Amino acid sequence: MTTTTAPGTGTPTPVPTAAADRRPDPGRPGARAREVPRLGRLVTAIGRLRPEVQDWAPATDDLRCRRARAGLLIGLAQECADDGRVDDGWAYLNAADRVSLARLDDDDLRVLAGSLRLECAAKLTGWRAAAAVTSLDGADDTRAALLPRVAAARELLDDDAQNTYLRLRLLGRRVATATTLLALVLAVLTALVLTGWGGPGPDRPVFLDRGVLGEPGWYAQVCLLGALGAMLSAAITAMDHGSAPRVYELSTPLLATAVARVLVGSAAAVVTVMAAEVELLPGMTDWLPVLAVISGFSERLVRRVVATLSEAAEHTSPPPVPPSTSVTART
């Protein structure tokens with residue numbers, strides 16, 4: 001990468017060399033773009049923007065400086081793509097696109113402003129939506145006034161997209177952590193059920209000798225039926241093409257999400273069947289296998305069962321205190 005002096009400014013400006021325009025080498029991390037959708041989209045976007053900037057023939061010194069900065073940013077984005085730094089690559093590429101908006105003619109700029117207005121209305125919320133409306137709804141429609149407003153709206157959209165992706169990535173980590181903890185709890189519960197909860201004892205609860213927690217075979221059936229319902233729900237959701245409005249929503253860890261669905265379905269089925277066996281769900285004892293499948297399938301049913309258990313616990317009167325331990329007897 002070399003430097004040149006920007007006309008009229010006297011400030012050295014980096015200019016990308018041929019090395020900055022290189023394509024991903026098959027032996028470099030960037031060659032795995034097809035394996036990572038977001039990285040593949042970055043490489044495609046770089047390949048689309050680079051020739052537009054290279055074919056841009058600016059007529060003024062300011063526009064030539066913009067073209068040089070855009071070329072530099074594209075080169076940095078390509079380096080990030082080669083190294084697998086997707087977030088940095090998108091940041092550089094989006095900045096290059098905003099810097100080079102002056103390459104558009106007046107008609108294209110107005111069309112872009114109209115499409116950005118619709119996109120901001122559909123995607124942005126809160127202060128970003130208000131700021132975008134303020135930027136794009138100015139009365140002055142001249143090129144000099146429209147260009148900075150379009151750039152500001154694009155920056156708001158770029159920041160929102162980056163924040164959305166980061167939130168979903170953090171959510172993916174939370175899913176992985178919750179899945180691990182739930183797997184440990186179910187493993188311990190399964191071991192206790194298989195070992196009979198340590199054998200008989202004088203204070204052993206009755207529900208540990210029968211029902212889903214007392215019969216290993218029935219416990220295994222309930223877990224499998226709950227997992228069946230969960231995977232049925234996952235398959236139906238996957239076939240619903242309109243369920244994910246953004247590509248970023250498909251970037252959460254697929255394995256962790258699938259395992260979490262299975263574990264949650266099994267745990268929900270166990271809890272729901274337990275509630276039905278103790279008559280907290282009246283009239284459902286003859287439909288326990290079906291109830292187990294529905295518990296794994298329907299999140300709303302599980303929430304309703306948990307709410308029922310909570311309400312029953314709050315309205316259950318505590319057992320009377322024996323006279324020998326009461327305050328009155330001791331005094």
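Q: Is the crossing in which α4 passes α6 left-handed or right-handed?
A: In this predicted model, local features need pLDDT of at least 70, side-chain atom pairs count only at pLDDT 80 or more, and totals for chains, interfaces and linings use all residues. Residues are numbered from 1 along each chain as its sequence is written, and side-chain values use heavy atoms, without hydrogens and water. A crossing is left-handed if the near helix is turned anticlockwise from the far one by less than a right angle, and right-handed if clockwise. The crossing of α4 past α6 is left-handed.

Q: How are α2 and α3 oriented to each other, roughly parallel or roughly antiparallel?
A: Helices α2 (residues 61-83) and α3 (residues 86-99) are DSSP runs (H or I, at least four residues), numbered from the N terminus. Their axes, lines fitted to C-alpha atoms over the stretch in contact, come within 8 Å and cross at roughly 165°, on a scale from 0 to 180 degrees between N-to-C directions. Angles under 35 degrees count as roughly parallel, over 145 as roughly antiparallel, 65 to 115 as roughly perpendicular and the rest as oblique. The two helices, α2 and α3, are therefore roughly antiparallel.

Q: Which helix gives the most to the largest nonpolar core?
A: A nonpolar core joins buried (under 20% relative accessible area, 1.4 Å probe, protein chains only) Ala, Val, Leu, Ile, Met, Phe, Trp, Tyr and Cys residues through side-chain atoms within 4.5 Å. The largest has 22 residues, and Val212, Tyr219, Val222 and Val273 have the most contacts inside it. Helices α6, α7, α8, α9 and α10 each supply at least two residues of this core. With seven residues, the helix that gives the most is α8.

Terms used. Buried < 20%, exposed > 50% of the residue type's maximum accessible area, 1.4 Å probe, protein only.
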